[in-house]
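Hi,

Here is the structure we talked about. Have a look at it, then read on for what turned up.

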Amino acid sequence: MIALSHGGVAENPDGSHTTGDDVTLAEQVAGIDVVVGGHSHTKLLAPIIVNDRTPVVQPGRYGRNLGELRITIDRGDLKVDSFVLTRVDSTVLGDPSITAEIERFKAITSDAVFASRGYIVDQPVVRGARAPADHPALGDARCPSARLS
């Protein structure tokens, strides 16, 4: 069982991560094999292993990294084979079928919502003058999802 959580992990005074809601979830709910977390936007470079079995992972914030966790489960024993973070940038190619589906939905949305107002879904409408530079929902020009605020 994979738990997708929005609980987060907490940073210890020494900068390590061993506690937090994602860890508590793995400790207290039997049967969870993996916790993929969020909320705290923590870029974990290695899984937190809970109860000597359950990895808790989190790739960071705003989709900047893609986390790949490889595990083996043999007769109930779970082993982490690897955990790798890949920076998401223009060198990471998307899956062509997913990209085509996204483009299809963008066209539908443009026609249904924006066309009557003279816009398309990818067109910047507003940029927040006081938006934090690293917050994609508030106008980070480097982030494609921020183009429509």
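Where does Q58 lie? Q58 is in the loop between β6 (54-57) and β7; strands here are DSSP runs of E with at least two residues, helices are runs of H or I with at least four, and both are numbered from the N terminus. A quick heads-up: this is a predicted model, where local features need pLDDT of at least 70, side-chain atom pairs count only at pLDDT 80 or more, and totals for chains, interfaces and linings use all residues. Residues are numbered from 1 along each chain as its sequence is written, and side-chain values use heavy atoms, leaving out hydrogens and water.

Back to Q58: its relative accessible area is 0%, so it counts as buried (under 20%; exposed is over 50%, partly exposed in between, with a 1.4 Å probe and protein chains only). The side chains of Q58 and S40 share a polar contact of 3.1 Å (N or O atoms within 3.5 Å, one able to donate a hydrogen and the other to accept it; residues adjacent in sequence count only if both atoms are side-chain atoms). A polar atom of the Q58 side chain also lies 3.4 Å from the backbone oxygen of G38.

Next, the hairpin: β7 (residues 65-74) and β8 (residues 77-87) run antiparallel and are joined by ten bridges (strands pair if DSSP finds at least two). L69 stands opposite F83 in β8. Two residues separate the strands, and R75 in the turn has a positive phi of about 55°.

Finally, Q123 sits in the segment after α2 (96-114) and is partly exposed, at 29% relative accessibility.

Cheers
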